[in-house]
Amino acid sequence: MAAPAPHTSGRAHMQVLVIGGGIAGTAAALALHAAGAEVTVHEAHPDAAEDIGAFLTLASNGMRALARLDASAAVTALGFPLRSMRVLDATGAVLADVALGEADDPLLRYRCLHRAELATALQAEAVRRGIRVRHGARLDSFEETPDDITAHFTDGSTATGDLLVGADGLHSAVRRHIAPDVRPRYAGQRVFYGYADDAAAAAANGGDSERITMVRGSAAAFGHAVSPDGLSYWFARVAGEPLTANETGQVSASRLRELLLPLLRRDDTPAADIVAATKERVMVTDATELPVGTRWRSGRALTIGDAAHAASPATGQGASLALEDAVVLADCLRDTPDTTRALSRYESLRRPRVEENITVSGNISRGTPPPSAPSPSSP
């Protein structure tokens, strides 16, 4: 699959300011650069990625977008592939065992990897191609004229371009200017995740290293995949009240295990043993989403990725859809000379697909609720 073709529509000198150097922003920079634009990425964090230990799965559609960006090699060097999915019920019985996506194509296989590693690899690829990535640049505001758009950063610096792409995530500063009344909302579940570093337990419960196992538990939805070196990557989704900011980052791994294990031990599945074998790296966050119909753009400013259409993680499509956004945006700007028309075309192509994901993923998260988990701050 080819990368976006060089820009030939008279916009080869288009200046694009990308706000946010995560997955969506750096992918957009790669795609727009390949389409002929001059791009600078402005990232608020002082280094390549804010690593809170999260992992993700890229689906075949996300891997296809990476191939369009000619970035497959940078990403397939990370993590491990997933060829199949096994589904268990609460008794441990196998409900399904199916191939995942386009498992026969090495470039399009599902891939499990750390979020921070993916963002870092994409940034390194952008720099290698001559794209400027500016760290420590936190957006404060922006202003538009009929001819350009100027970003103002909290350090007093400014940058001016023809288009500003807001890829700055769930709590987007760009979205606050475009849609100031929109706030992320709780999607009905807490998401626990971690890594079991007990190789024996991982091997016993994981089977091969290219399969993800999903458990439809009585009190939690659980999933795990085992890396080639025997490390189990796992998550659990549990209904409950939203967490406070302190609860998401200040509760010990042992306390989180204590909260989760009683729910998992109700069932005869591998889930409880895997969590029990996780010694230190256990985390929890809220499943969060943006409402459908959120405004994405204003004049020369556009949001993409989670800044525009964050969904609960139940479908596992967030990163893959962000990569798709990047490719489609570059295609629209390359092929449509007028910027307003190009952005309108982008929105018409992307909104139905990503809002379906918000709806489907939210429905999964807010399905028949299992028993609520206790609060991490409770005794």
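**Figure 1. Residues around the largest cavity of the predicted model.** In this predicted model, the largest cavity is lined by D306, H309, A310, A311, Q317, G318, L321 and N357. Two elements each give two or more residues to this lining, namely α10 (306-309) and α11 (318-335). By character, the lining of the largest cavity divides into three nonpolar residues, four polar residues and one charged residue. The space inside the largest cavity comes to about 40 Å³, and the count of cavities of 30 Å³ or more is one.

**Figure 2. The loop position of G293 and its contacts.** G293 sits in the loop between β17 (282-289) and β18 (297-298). With a relative accessibility of 54%, G293 counts as exposed, because the cut-off for that class is over 50%. Leaving aside residues up to four places away in sequence, G293 touches R351 and E355. H309, which is one of the residues lining the largest cavity, lies 16 residues from G293 along the chain, and the C-alpha atoms of G293 and H309 are separated by 9.1 Å.

**Figure 3. Helix α8 and the elements that cover it.** Helix α8 covers residues 253-264, and for its twelve residues a rise of 1.5 Å a residue predicts a span of 16 Å, which agrees with the 16 Å between its end C-alpha atoms. Nine of the twelve residues of α8 are buried, so this helix is largely enclosed by the rest of the structure. The buried residues are A253, R255, L256, R257, L259, L260, L261, L263 and L264. The cover over these buried residues of α8 includes the strands β13 (185-196), β15 (221-226), β16 (232-239) and β17 (282-289), together with the helix α9 (271-276). As background to this view, an α-helix has 3.6 residues a turn, so residues three or four places apart point the same way.

**Figure 4. Helix α2 and its packing partners.** In α2 (60-68), seven of the nine residues are buried, so α2 is largely enclosed by the rest of the structure. Those buried residues are S60, N61, G62, M63, A65, L66 and A67. The buried residues of α2 pack against two strands, β3 (55-58) and β7 (110-114), and against the helices α3, α4 (115-128), α11 and α12 (339-365). Of these partners, α11 also gives two or more residues to the lining of the largest cavity shown in Figure 1.

**Figure 5. D70 in the loop after α2.** D70 follows α2 and is placed in the loop between α2 (60-68) and α3 (72-76). The phi angle of D70 is near 60 degrees, a positive value in a residue other than glycine. D70 has a relative accessibility of 56% and therefore counts as exposed, whereas residues of the preceding α2 such as L66 and A67 are buried.

**Figure 6. The whole chain, as context for the close-up views.** The protein chain has twelve helices and 19 strands, and of its 379 residues 55% count as buried. Among contacts between residues at least 6 apart in sequence, 74% join residues at least 24 apart. The chain exposes about 15600 Å², of which carbon and sulfur atoms supply 50%.

Technical notes
Residues are numbered from 1 along each chain as its sequence is written. This is a predicted model: local features need pLDDT of at least 70, side-chain atom pairs count only at pLDDT 80 or more; totals for chains, interfaces and linings use all residues. Side-chain values use heavy atoms; hydrogens and water are left out. On a 1 Å grid over the protein atoms alone, a cavity is a set of points where a 1.4 Å probe fits but cannot get out, and a pocket is an open set with protein on both sides within 12 Å along at least five of seven lines; lining residues have an atom within 4 Å of a point. Grid points are joined across faces, edges and corners, and a volume is the space filled by probe spheres set on the points. Helices (H or I, at least four residues) and strands (E, at least two) are DSSP runs, numbered from the N terminus. Ala, Val, Leu, Ile, Met, Phe, Trp, Tyr, Cys and Pro count as nonpolar, Asp, Glu, Lys and Arg as charged, and the others, Gly among them, as polar. The expected span of a helix is 1.5 Å times one less than its number of residues. Buried means under 20% relative accessible area, exposed over 50%, partly exposed in between (1.4 Å probe, protein chains only). Contact means heavy atoms within 4.5 Å. Accessible areas come from the Shrake-Rupley method with a 1.4 Å probe; for residues, only the protein chains shown count as cover.
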